[in-house]
Amino acid sequence: MLGRDSECRLLDALLADVGRGESRSLVLRGEAGIGKTALLQYLIESAADMSVVRAVGVESEMELAFASLHQLCAPLLDRLERLPPPQRQALETVFGRSSGPPPDRFLVALGVLTLFSEAAEA
């Protein structure tokens with residue numbers, strides 16, 4: 001990426017840390033058109049030996065409860081059966097896989113955490 005050496009080095013270091021089992025987060029901010037998407041694409045391509053899950057904010061989905069969470073978790077839903085029943089039922093309800101009253105947000109959050117933990121172990 002032309003002119004983005006320092007950013008790419010930072011992203012490479014982030015991936016190296018994650019590869020050693022360290023926890024990291026990344027926030028990209030900036031005006032439209034400055035190359036945030038290109039940097040994310042670089043990061044994804046550089047993480048070929050890792051599983052990457054992502055969600056893209058869509059303004060039209062802003063009013064839909066759990067829309068971004070569903071995007072983020074969709075690739076992991078084949079692991080739902082491994083979750084404890086209360087967590088599994090909460091996620092099945094918020095993702096429209098089963099009907100029922102709105103689940104407790106704590107169970108949804110715990111279910112997502114467990115889902116990601118299951119994926120990380122694999």
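**Note on a five-helix predicted model**

1. Thr93 is found in helix H4. This is a predicted model. At 19% relative accessibility, Thr93 counts as buried, because the cut-off for buried is under 20%. Which residues does Thr93 touch, not counting residues up to four places away in sequence? They are Ser98, Ser99, Gly100, Pro101 and Pro103.

2. Gln87 also has its place in helix H4, which covers residues 85-94. Is Gln87 buried or exposed? Its relative accessible area is 8%, so Gln87 is buried. Leaving aside neighbours within four places in sequence, Gln87 is in contact with Leu107, Leu110, Gly111 and Thr114.

3. Now the overall make-up. The secondary structure comes to five helices and zero strands. Read along the sequence, the pattern is α-α-α-α-α. Along its principal axes, the C-alpha trace spans about 50 × 35 × 20 Å.

4. Burial and surface come next. The protein has 122 residues, and 25% of them count as buried. Gln87 and Thr93 both belong to that class, at 8% and 19%. The accessible surface of the protein comes to about 8600 Å². Carbon and sulfur atoms account for 54% of that surface.

5. On contacts along the chain: take those between residues at least 6 apart in sequence. Of these, 46% join residues at least 24 apart.

6. Two packed helices are described by the angle between their axes and the distance between the axes. For helix H1 (residues 5-19) and helix H2 (residues 36-46), the angle is about 40 degrees. Their axes lie 10 Å apart. That angle makes H1 oblique to H2, because angles under 35 degrees count as roughly parallel and 65 to 115 as roughly perpendicular. H1 passes H2 in a right-handed crossing.

7. Which residues of H1 and H2 meet? From H1 come Glu7, Cys8, Leu11, Asp12, Leu14 and Leu15. From H2 come Leu39, Tyr42, Leu43 and Ser46. By class, the contact has seven nonpolar, one polar and two charged residues. The charged residues are Glu7 and Asp12, both in H1. The polar residue is Ser46, in H2.

Terms used
Residues are numbered from 1 along each chain as its sequence is written. This is a predicted model: local features need pLDDT of at least 70, side-chain atom pairs count only at pLDDT 80 or more; totals for chains, interfaces and linings use all residues. Side-chain values use heavy atoms; hydrogens and water are left out. Helices (H or I, at least four residues) and strands (E, at least two) are DSSP runs, numbered from the N terminus. Buried means under 20% relative accessible area, exposed over 50%, partly exposed in between (1.4 Å probe, protein chains only). Contact means heavy atoms within 4.5 Å. Axes are lines fitted to C-alpha atoms, for helices over the stretch in contact, and angles run from 0 to 180 degrees between N-to-C directions. Angles under 35 degrees count as roughly parallel, over 145 as roughly antiparallel, 65 to 115 as roughly perpendicular and the rest as oblique. A crossing is left-handed if the near helix is turned anticlockwise from the far one by less than a right angle, and right-handed if clockwise. Accessible areas come from the Shrake-Rupley method with a 1.4 Å probe; for residues, only the protein chains shown count as cover.
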